[in-house]
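Trainee: I'd like a close look at just one part of this model. Pick the piece that you think hangs together best and take me through it strand by strand, along with whatever lies against it.

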Amino acid sequence: MVLASEDVPAAAPAVAVSPSVPPPVPAGSVRFATFNTALSRQRPGAMASALASGEWRLARAVAETVQRVRPDVLLVNEFDHDPTGRSLELFAREYLERGWNGAEGVEFPHVFTAPVNTGVSSGQDLDGDGRVVAEPGSDAYAGDAFGFGRFPGQYGMAVLSRYPLDAERARTFRLLPRAAMPGALVPVDPASGEPFLSPRAWAAARLSSKSHWDLPVDTGWGRPVHLLASHPTPPAFDGPERRNVLRNHDEIRFWADYLTPGADGYIRDDAGAAGGLAPDAPFVLAGDLNADPRNGSSLPGAIDRLLAHPRVADPLPHSQGGRGRAGSAAGAPGHGDAFTEDTPPGHLRVDYVLPSRDLAVGDRGVFWPAPDDPLARLAGAGPPFPASDHRLVWVDVSR
């Protein structure tokens, strides 16, 4: 979850070259990026209506941020799912393709989106308050949905790409039951020592709070690069049973199992195909994973399972703005300038772009301009924030 303003005052265009703008993507490389945009709204259709104006300042700031970095493949989190595709079309046409404040518009001819669990009624008491709420629109309803959301599709995901996306071979894991994962962390009521959820509720619960996607990207390298995309639940907003903390851990663990032959036996995608990713398949794992390796509320070791995985490379992207904002709270050297979230008690590294070790890592960064940078207006020091309280993370990879 993020906090963001519905609107912000207009800002003057940049008048100088910004050191936070990366150089053009080198020939033979592909720039992958993830951005929690905070564009989700609180009512169904509200995001599409705001985008339709063509002048939504939050979306303009998000679009300009994308234009400054110019990724080739972009995962956006907190973008309400619209099964008609209208929201993505509006965002692309009215914001990304229009240049803002001197930035050049960017075109993504290929897009992918799919349903998510957020806001989908489970018919069970998943928040443990003793009732089942089936009418959308309230936090009580959201607590009983398969993923927290006031309406189906809230806090969804989408992929925009300059390269073709193989939607026919995409794998989604929205329906995978949480109980299917061996050793899943079951929330327990500490007062009674009993499981927090009833047997029926636990059997109905799904692993993914939004979805997990394996989307092949045709980069022209002779074999696809698999974009592994997700947005695990924040490890917060629960009680002493720590149900969201534990779910966040298991959602991240899913990817580690997906990459580990022998640990993927329980995995079955929404079309019924079993197993994980082929051992020799290149990939880029991306998303707001809501877990910091040193600070925050996530279960200790949750993200380390991925960062230390033998198939995963951690480029440790950096930014001057993150370093200055975090100050001495960064912990170990080199950590603070990789921070991607700025919501108190934020200053956390929660957004990741993690290539497979068989890909060469080039330039990388977190788009977080320093206060004296001419583009600092796109990050701000909120709340409220000009765009999102998360920062766009990007990594260049090649064969």
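**The open sheet and its helix**

Mentor: Let's start in the middle: E6 and E7 pair in the antiparallel sense, with six bridges between them. One matched couple there is Leu-215 and its bridge partner in E7, Leu-227. Pairing here needs at least two DSSP bridges between two strands, while strands (E, at least two residues) and helices (H or I, at least four) are DSSP runs numbered from the N terminus.

Before going on, keep in mind that this is a predicted model: local features need pLDDT of at least 70 and side-chain atom pairs pLDDT 80 or more, while totals for chains, interfaces and linings use all residues. Residues are numbered from 1 along each chain as its sequence is written, and side-chain values use heavy atoms, with hydrogens and water left out.

Now zoom out. E6 and E7 belong to an open sheet of five strands in the order E5-E6-E7-E8-E9, and the pairing is mixed. The edges are taken by E5 (171–172) and E9 (351–355); each has a single partner strand, so one side of each has no neighbour in the sheet.

At the E5 edge, the link to E6 (residues 212–217) is antiparallel and consists of two bridges. Take Thr-172 as an example: its bridge partner in E6 is Trp-213. Cross to the other side of E7 and the sense changes, as E7 and E8 run parallel, joined by four bridges. There, His-226 sits opposite Phe-283 of E8.

What about the faces of E7? From this strand, Val-225, Leu-227 and Ala-229 point one way, whereas His-226, Leu-228 and Ser-230 point the other way, and all are buried. In other words, E7 is mostly covered, with six of its six residues buried. Buried means under 20% relative accessible area, exposed means over 50%, and partly exposed is in between (1.4 Å probe, protein chains only).

Next, the helix. H6 (residues 243–258) lies across four strands, namely E5, E6, E7 (225–230) and E8 (283–288), and runs at about 45° to E6. That angle, on a scale from 0 to 180 degrees, is between N-to-C directions of lines fitted to C-alpha atoms, for helices over the stretch in contact. H6 is mostly covered too: 16 of its 16 residues are buried. Its length checks out as well, because 16 residues at 1.5 Å each should span 22 Å, and the end C-alpha atoms of H6 are indeed 22 Å apart. The expected span is 1.5 Å times one less than the number of residues.

Finally, follow the chain out of the helix. The loop between H6 and E8 holds Gly-276, which is partly exposed at a relative accessible area of 21%. Setting aside neighbours within four places in sequence, Gly-276 is in contact (heavy atoms within 4.5 Å) with Arg-171, Tyr-258 and Asp-264. Arg-171 falls within the range of the edge strand E5 (171–172), and Tyr-258 within that of H6 (residues 243–258), which brings this loop back to both parts of our tour. By contrast, Gly-276 and His-318, 42 residues apart in sequence, have C-alpha atoms 31 Å apart in space.
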